[in-house]
Amino acid sequence: MTFLNAILLAGAAAFLIPLIIHLLNKRKVITMRWGAMHLLHEVIRQRKRKMKIEQLLLLITRIAIPIVLALCLARPVLTALQSLGLGSSSLIVMLDDSFSMRAPAAQTTLPGGTVMEQARQDMQTMLTDLPKGSSAQVILSGGSPRKLLDQATTALDLVPKKLSDVPSMSGPLSANDAFQSATSALKDAPNAAREVLIVSDFQEADWKAIADGAALPALENLAKQEPKPQITFYRVGSDLAENLSIASADISALVAAESQPVGLRVRIKNHGKRPWQDVAVHLEADGARLRTARVSLAPEGEAVLSFTHAFEKVGDHSISVRLEGDSFADDNAFHSIVQVRNQLNVLLIEGNPGKDPLSGATDFLDIALTPHTTAAATLKDLIRTKKIDARKLREEDLRQQEVIILADVQRLQDRAMKDIDKMVKDGVGLLIFAGPECDLDWYNREFYRKGEGLYPSAIKGYARADSDATPARILMQRFTHPAALYFNDARGGRLQDAEFRHWFEFTTQGDKVQRIFNLDRNVPLMVEKKHGRGRVIAAATTANAEWSNLPLQPFFVPLMQRLTTYLATEGSAPAWQLVGTPIRLNIAKDLLNAEYTLRDPTGQTQKLTPRKEGENILLESPPIAQPGIFQLTRTGSDKPTFHAFNVDGTESNLKALSTADIQKIATRHEASFANNLQSYQKLDRTRRHGSELWQPLLIALLALLFFEVLLQQRIAKG
Amino acid sequence: MATLSDILQAEDITSLQHLQLFARTVVEGFTTGQHASPHKGFSVEFRQHRPYVQGDEIRRLDWKIFGRTDRFYIREFDEETNLRATIVLDASGSMNYRGQKGVLKFDYARKLAASLAYLLMSQQDAVGLVTFDSKVRDIIPCRTKISHLHLMLEAMVKTTPGKDTSLAPVIESLAQRLKRRGLVILISDFFDDPAALLQSIGVLRKKGHEVIALQLWDRDEIDFPFGNWARFENLENDDDFLLLDPATIRQRYLEVQKNFAEQLKDGFRKHQVDYLSLPTDESHSAALRSYLALRMR
């Protein structure tokens, strides 16, 4: 502890005054010859024990008053909290740059600005307040956490400049990932005194589970670092309560034929407490408005709108839905790309051609992929199938195919396997169905090849539901795979109706393999892995009705069509991506030296050049920072490709955690919490310079004076 | 030694001349009157004339007025009875307290006793005096002669406050000694055990005596105004003392004092004893006047 006015401490000697008065009073005793002694004896008898204690308390109180007064005037500073000396420190800022930070800032703090702008402005002040020689690093925590600077910098004025380029369009903040990145950045911090500052709007969608007690191991790990960093939660908030957004949108087909109607189902959500009437929702195709629908939304309600549109020309087309009305407009649109093709060639290789109708391994698949052709309808199918016996497969059968489907194939000839492997690496899709003919030993040894082969997973063996047991069903959960998104809405089909009696038991390993669907026995039904420029999907069941009734379900047709078109379009751009992710395209090897121009929705352009990555040639853009349709054109070519970007729907609900909840999280992790810049600065001063104690001392002095009066009155009352 | 003039001053005598003390109850005495007193008194006082009405006794006609005016008038008289009043004066140690205003409690007490004696004697009543501390020290029996007053005053002047108080046994022994019923006037601070005191008062009342209790308080004993640490030494016992900060116990002292006074007042009321609390900083004659006014209601 230090004192700003140490000389005034001498005033503490004033405690002697009441003590001396007390002693003098005792010495200056007068003698009274008194008659009413019996009354005095009665008084003393009643309060003899209390009197001594009260007298002592009164004396102590009177002695304490001048001491506390002197301490108060001397302005003591408690330095126990002072962090590791007065020198420089390293500040790691975990800045939430998720989309919700673009909401309007609270009117009281930064009228007309966004929450991110407010955060930037506050951070600038915080950085200015840092002692000379301090360093700073910023982890942009929305979506995938990433560093703002390659390494921590002592040029603190650089940070706000860099921050001004941050668009705050990332997806939801993953707190654990962000803290992991902060821990890693902390290891590079040049100063011994280290601080971690979490700047966020503490959107409920990102933080509620943590407030409710979910573990945050990365933060616990961060807090255990030596020397221990000072952790502070800093909230920047919006007072916007009303927001409309397009929560999700599903397209009926990722690839369509000319004149084939494409359905677009849009879910519009009202996150606010007020109802909305007749909100205009526009459908746009290739930048032109086609029609407008109107929708009314109850408080915190949602509405689903369906549009259809048929494109006449082959090529990439953009389709958008845009709603009007609210002040937070960035999440009011949804964009997608639809590929329109003449036809899509699919090769069906069956291991067990059946003699009877629908008994073959690919019979149901054939119908599902070409329903109009099978039904001899006038409508045209996009997909054109070619069915072939695995044992009779020739090299020329594989030519011009965009998707290859294997069903119940016992094993492939070495040459055929090599050809298919090469084709997949060049971007062709491969879908493999299980079946009783499959040679598991070959599948594991040659086809899977410890993860190096085509097959995405090792197979543990056959599994079955006993005849009297309940059959396995698809586990209904929120599907995230692009080919499965359509089935998140019950109108896409009841996946849980399919019953499975036999299946391959996959033992999936590694993060390269993605599960598309699971069975309710906690085993995967379909898994996918990337192989070169193409993708391979393995299904644990048969494509016919031998092991399940899956092919008999109405949703079998859209499911197979979506899986097939998904595999067929893998080489090209996805229908849409989240803002914050880059455009990544595997391109032909001869285009390594080509130059590309990327044009954003506002008309700004930038040049992109491909680079070599392993065996592939990769064209990659910087992370895309705004939603909308982007146009990528190769110099010398007149056929641009389109890329659609949308914001993450979960960011649209702006409801934030309460101050008490944030405080709870902070307390649980031995961190501090600041609700505004002033409280942060106070906290920072306390840590850096110690805490001035004159205020609590003044309160203590007043309390002592008050206590003295009360005690005096009490003693006088007896 | 105090002289007689110290005790009774001229202005006291003048102020007391107009006071009238009336006994409430019938006592034995030298009386004449219309009511059923066993003794005929000779102290008869003319009140007024009134016209004769049919039925009046002929012997009460004033024949001198008839001779002068030729009209019948009746003479009306007030009847008086003689009183035996015993003044009991406390001369214990506690009466030796001299307060911050310089008044000695015992001085005040004997002035009061002298005033009463003079008043009673001027009405031809028989007055006696008893002084006591832990026991009866002097007894002067009731007499009506004016020379008797001087005897009592001399006794008062000679008396100095003693040590211990023991009021209850004194009153009980007094009850045995006073053979004829009369008025007993107690002048004391009554600093004794209230229960024993009231019991002895009960004995006195059973003997048929009317009792008047005049309790004397010094202002210091009422207000307890002391600020500094003090050693309180008992006036009645040199070995008894208390060292304390008076300010810290003042409030509680006032409560205890008030309770003590209330206890006595309630006890006296139960025994139909007239009680008056007299602070010594007030003029004793003024205090006595207010008491007499109360008695005359």
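# A guided tour of chains A and B

Select Leu140(A) and Arg146(A) to begin, for in this predicted model Arg146(A), which lies in β6(A), is the bridge partner of Leu140(A). Now extend the selection to strand β5, residues 135–140 of chain A, which is joined to β6(A) by 2 bridges, the two strands running antiparallel.

From here you can colour the whole sheet to which these strands belong, an open sheet of 6 strands in chain A whose order is β6-β5-β4-β7-β8-β34 and whose pairing is mixed. Look at the two ends of that order: β6 (146–147) and β34 (672–674) of chain A stand at the edges with a single partner strand each, so one side of each has no neighbour in the sheet.

**Chain A as a whole**

Step back and show all of chain A, in which 15 helices and 35 strands are found. Of its 718 residues, 39% are buried. If you draw the contacts of chain A that have a separation of 6 or more, 76% of them turn out to be between residues 24 or more positions apart.

Next, colour chain A by confidence, where the average pLDDT is 85 and 95% of the residues score at least 70. Which strands mark the lowest and the highest confidence in chain A? The lowest is strand β1 (residues 2–3), with a mean of 63, while the highest is strand β20 (residues 429–433), at 94. Select residues 81–86 of chain A as well, a stretch over which the pLDDT is below 50, although it has 17 contacts in the model beyond near neighbours in sequence. Where pLDDT is low, predicted coordinates should not be read in detail.

**Where chain A touches chain B**

Now show both chains together and select the residues at their contact, to which chain A gives 26 residues and chain B gives 26 residues. On the side of chain A, the elements that give two or more residues are α1 (16–27), β2 (30–34), α2 (37–73) and α15 (694–717). The largest share of that side comes from α2(A), with 11 residues. Colour the side of chain A that touches chain B by class, and its residues divide into 13 nonpolar, 7 polar and 6 charged.

Keep β2(A) selected and add strand β8 (residues 230–234) of chain B, since the next stop is a pairing of strands from two chains: 5 bridges join them, and they run parallel. Within this pairing, Ile30(A) stands opposite Ala230(B) of β8(B).

**Two helix pairs in chain B**

Move on to chain B and select helix α4 (residues 105–122) with helix α5 (residues 146–158), which pack at an angle of about 175° with their axes 10 Å apart. Because of that angle, α4(B) is roughly antiparallel to α5(B). Show the side chains at the contact, among them Ala113(B), Ala117(B) and Met121(B) from α4(B), and Leu149(B), Leu153(B) and Met156(B) from α5(B). The contact of α4(B) with α5(B) has 10 nonpolar residues, no polar ones and 1 charged residue.

Finally, select helix α6 (residues 167–177) and helix α7 (residues 194–206) of chain B, whose axes come within 8 Å and cross at roughly 5°. Are these two helices, α6(B) and α7(B), roughly parallel or roughly antiparallel to each other? With such a crossing, α6(B) and α7(B) are therefore roughly parallel. In their contact, residues including Leu167(B), Ile171(B) and Glu172(B) of α6(B) meet residues including Leu197(B), Gln199(B) and Leu204(B) of α7(B). By class, the contact of α6(B) with α7(B) has 9 nonpolar, 2 polar and 1 charged residues.

Note on methods
Residues are numbered from 1 along each chain as its sequence is written. Chains are lettered from A and ligands numbered from 1 in the order in which they are written. This is a predicted model: local features need pLDDT of at least 70, side-chain atom pairs count only at pLDDT 80 or more; totals for chains, interfaces and linings use all residues. Two strands pair if DSSP finds at least two bridges between them. Helices (H or I, at least four residues) and strands (E, at least two) are DSSP runs, numbered from the N terminus. Axes are lines fitted to C-alpha atoms, for helices over the stretch in contact, and angles run from 0 to 180 degrees between N-to-C directions. Angles under 35 degrees count as roughly parallel, over 145 as roughly antiparallel, 65 to 115 as roughly perpendicular and the rest as oblique. Two residues are in contact if their C-beta atoms, placed from the backbone, lie within 7 Å. Ala, Val, Leu, Ile, Met, Phe, Trp, Tyr, Cys and Pro count as nonpolar, Asp, Glu, Lys and Arg as charged, and the others, Gly among them, as polar. A residue is buried if 20 or more other C-beta atoms lie within 10 Å of its own, exposed if 12 or fewer, and partly exposed in between; C-beta atoms are placed from the backbone. pLDDT is the predictor's confidence in each residue, from 0 to 100.
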